[in-house]
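Subject: Handing over a structure

Dear colleague,

I am passing on a structure that you have not worked with before, together with notes on what was found in it. Please look at the sequence and the model first, and then read the notes alongside them.

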Amino acid sequence: MLNAAVELISERGFNGMSVQDVADRVGISKQGVLRYVGSKDNMLAMVYHEYYNAIGSPEEFRVSGLPGSGPGAMLFPAYLRFLVQCNAQRRMLVQLFSMLQVESFNPRHPLHEEFARRPEAIWQYYSGFTWDIPQWVGQWEDMRPLVRRAMEIMDGVQLRWLREPAIDLCEEWAAMEDVLFPLPLWEGYR
């Protein structure tokens, strides 16, 4: 049921789909869908929180064994590379996120506040981890503008990736990584 909701929201947006559309897609009644999700807004919250945010976390990166993942402090550029690689494997969910992000400009959208708070929430979340950054940067708090820009650039690169002609998301991010975390300044911290 939630897979059908992901597909429909990715294709039409939250405002362009109905609970009946989900019911039709999975072959059950509208009441059956509502019995499970409660409401269209609850279904959206389940899709967003249980699907989109479930993959690509710093916790997942820490246990990945990939370069920069630990065992002590993690390397932030290496984590972002990991996140992009995860996103490259879940095109439909990136499209869902992008669609919802645009729709949420409307103050009446169920995720309006969630997306409005997203930059601060991301910063607070990432601040709960230990990152190894170059000494010249200073403290983690000094990374705040760079973290914000990195997420904004990632959103933009992903939008371009969703369009035709296709680009390689990981290759495009590698080029952006060179801009955000230039060598030799970030040598040994990427």
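Eleven salt bridges are held in this structure, which is a predicted model, and several of them involve helices H9 and H10, as set out below.

One of them joins the side chains of Asp-155 and Arg-118, with a distance of 3.2 Å from N to O. This pair links distant parts of the chain, since Asp-155 belongs to helix H10 (residues 144-162) and Arg-118 to helix H9, with their positions 37 residues apart in the sequence. As for exposure, both Asp-155 and Arg-118 are buried.

Another salt bridge is formed by the side chains of Glu-120 and Arg-144, which meet at 2.1 Å, N to O. Glu-120 lies in helix H9 and Arg-144 in helix H10, so this pair, too, ties together parts of the chain, here 24 residues apart in sequence. Glu-120 counts as partly exposed because its relative accessibility is 38%, which falls between the limits of 20% and 50%, and Arg-144 is likewise counted as partly exposed, at 28% relative accessibility.

A further salt bridge is found within helix H10, where Glu-152 pairs with Arg-148 and the closest N and O atoms are 3.1 Å apart. The two residues, Glu-152 and Arg-148, are four places from each other in that helix, which is about one turn. Glu-152 is partly exposed, with a relative accessibility of 44%, and Arg-148 is partly exposed as well, with a relative accessible area of 39%.

Beyond these pairs, there is also a network of salt bridges, in which Arg-81, Glu-177, Asp-178 and Arg-190 are linked.

Helix H9, which spans residues 118-126, also contains Ile-122. Is Ile-122 buried or exposed? Its relative accessibility is 15%, and because the cut-off for a buried residue is under 20%, Ile-122 counts as buried. Between the C-alpha atoms of Ile-122 and Arg-163 there are 26 Å in space, while the two residues are 41 apart in sequence.

I turn next to the domains. The protein chain is divided into domain 1, covering residues 1-52, and domain 2, covering residues 55-189, and the centres of the two, taken over C-alpha atoms, are separated by 27 Å. Where domain 1 and domain 2 meet, 16 residues of domain 1 are in contact with 18 residues of domain 2. About 1,500 Å² of area is buried between domain 1 and domain 2, and carbon and sulfur atoms give 68% of that area. Which residues of domain 1 lose the most area to domain 2? They are Ser-10, Tyr-48 and Tyr-52, which together account for 48% of what the domain 1 side buries.

Although the structure as a whole holds eleven salt bridges, the count between domain 1 and domain 2 is zero. Polar contacts do occur there, however, with five residue pairs counted between domain 1 and domain 2. On the side of domain 1 that touches domain 2, helix H1 (2-12) and helix H4 (40-51) each supply at least two residues. The residues of that side divide into eight nonpolar, four polar and four charged.

Ser-10, one of the three residues named above for the area lost to domain 2, is found in helix H1. Ser-10 is buried, with a relative accessible area of 2%, and a polar atom of its side chain lies 2.8 Å from the backbone oxygen of Val-6. When neighbours within four places in sequence are left aside, Ser-10 is in contact with Met-92, Gln-95, Leu-96 and Met-99.

The buried residues of helix H1 are Leu-2, Ala-4, Ala-5, Val-6, Leu-8, Ile-9 and Ser-10. What covers these buried residues of H1 includes helix H2 (19-26), helix H3 (30-37), helix H4 and helix H7 (91-103). Just after helix H1 comes Gly-13, which takes a positive phi of about 85 degrees.

With best regards

Note on methods:
Residues numbered from 1 in each chain as written. Predicted model: local features only at pLDDT ≥ 70, side-chain atom pairs only at ≥ 80, totals over all residues. Heavy atoms only, no water. Domains from an automatic or database assignment. Contact = heavy atoms within 4.5 Å. Buried area = accessible area lost by both parts, 1.4 Å probe. Salt bridge = Lys/Arg side-chain N within 4 Å of Asp/Glu carboxyl O. Polar contact = N/O pair within 3.5 Å; in protein donor to acceptor, adjacent residues only side chain to side chain. Nonpolar A, V, L, I, M, F, W, Y, C, P; charged D, E, K, R; others polar. Buried < 20%, exposed > 50% of the residue type's maximum accessible area, 1.4 Å probe, protein only.
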